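Open the model in your viewer and keep the sequence panel beside it. The tour below says what to select at each stop and what is there.

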Amino acid sequence: MEFMLDTANIADIKKFEKIIPLAGVTSNPSIVKNEGNIEFFSHMKQIRQIIGDDKSLHVQVVATDYEGMLKDAETILAKIDKNVFVKVPVSEEGIKIIKELKKREVNVTATAIYTKFQAYLAIAAGADYIAPYFNRMENLNIDPREAIAEMAKEISRTNSQTKILAASFKNVGQVNAALENGAHSATMGVDIIKSAFAMPSIEKAVVDFTSDWEASFGEGTTIASL
């Protein structure tokens, strides 16, 4: 099970890299836009420095035609690093690019997946990750739970090394559902993580434990102070 941050915000990555068992950071053009006027490649390199070489960094191509996508991918690898997972939307042109990049032994994340058929094509093309859009699928009256479960079955049936990187969440329940139905990974915004720890019962339990300890050993004491 892998947890990734779906953000390009440096401060958030620095903060949550210390909190969660972070497997990687994902981004896309919309996420990059949220950061305002940045120098793109130096920003991505800074993210790499924060998370380290042992974690995955996912950066998306922007062009929509084959030649443009290929040039985008080559530039990403040249100007960030060769271990980046190049995100490619599973369109007609995108599948062609995924096949070409895998021939070159490039790390690939197949993204913008709404249907099982897209996923099956990306698995067959050798994508390292496939990224079904959980909440967007629900909005289109597509059952993401059933779809992810079938994707997982296809990966198992074909002995594929592809991992399901579920994305596009609006709440923690959707993340849980994706993982429980076979997703190997989930990428989410920091708002999802914050909401997971915002449950009042968690804070009450912490306060109660502290109160009981201090009732026994004195106000302000901790185990380290004994």
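## A stop-by-stop tour

Start with Ile113, which stands opposite Pro132 in strand β6. This is a predicted model, in which local features need pLDDT of at least 70 and side-chain atom pairs count only at pLDDT 80 or more, while totals for chains, interfaces and linings use all residues. Residues are numbered from 1 along each chain as its sequence is written, and side-chain values use heavy atoms, with hydrogens and water left out.

**Strand β5 and its neighbours**

Select residues 108-113, which form strand β5. Helices (H or I, at least four residues) and strands (E, at least two) are DSSP runs, numbered from the N terminus. Is strand β5 largely enclosed or open? Six of its six residues are buried, so β5 is largely enclosed by the rest of the structure. Buried means under 20% relative accessible area, exposed over 50%, and partly exposed in between, with a 1.4 Å probe and protein chains only.

Next add residues 129-132, strand β6, which runs parallel to β5 and is joined to it by three bridges. Two strands pair if DSSP finds at least two bridges between them. Then add residues 85-89, strand β4, which pairs with β5 in the parallel sense over four bridges. On this side, look for Lys87, whose bridge partner in β5 is Thr109.

Now show the helices that link these strands. Helix α5 (residues 92-103) makes a right-handed β-α-β unit with β4 and β5. Helix α6 (residues 116-124) makes a right-handed β-α-β unit with β5 and β6. A crossover is right-handed if, with the strands pointing away from the viewer, the path from the first strand over the helix to the second runs clockwise.

**Two pockets**

Select Asp6, Asn28, Ile31, Ala167 and Ser168, which lie nearest the centre of the largest pocket among its 22 lining residues. A pocket is an open set of points on a 1 Å grid over the protein atoms alone, where a 1.4 Å probe fits, with protein on both sides within 12 Å along at least five of seven lines; lining residues have an atom within 4 Å of a point. The volume of the largest pocket is about 310 Å³. Strand β5 returns here: α2 (29-33), β5, β8 (185-188) and α10 (190-196) each supply at least two residues of this lining. By class, the lining has eight nonpolar, ten polar and four charged residues.

For the second largest pocket, select lining residues including Phe3, Ile20, Val172, Leu179, Met188 and Phe197. About 180 Å³ of space lies in this pocket. Which helix gives the largest share of the lining? Helix α9 does, with four residues. The lining has eleven nonpolar residues, one polar and no charged ones.

**Two domains and two aromatic residues**

Colour residues 1-187 as domain 1 and 197-225 as domain 2, following the domain assignment. The centres of the two domains, taken over C-alpha atoms, are separated by 40 Å.

Select Trp213 in helix α11 (residues 200-217). Trp213 is partly exposed, with a relative accessible area of 24%. Ile223 is ten residues from Trp213 in sequence and 9.1 Å away in space, C-alpha to C-alpha.

Finish at Phe169, in the loop between β7 (163-166) and α9. Phe169 is buried, with a relative accessible area of 14%. Its C-alpha atom is 36 Å from that of Ser211, 42 residues apart along the chain.

Note on methods: Grid points are joined across faces, edges and corners, and a volume is the space filled by probe spheres set on the points. Ala, Val, Leu, Ile, Met, Phe, Trp, Tyr, Cys and Pro count as nonpolar, Asp, Glu, Lys and Arg as charged, and the others, Gly among them, as polar. Domain bounds come from an automatic or database domain assignment.
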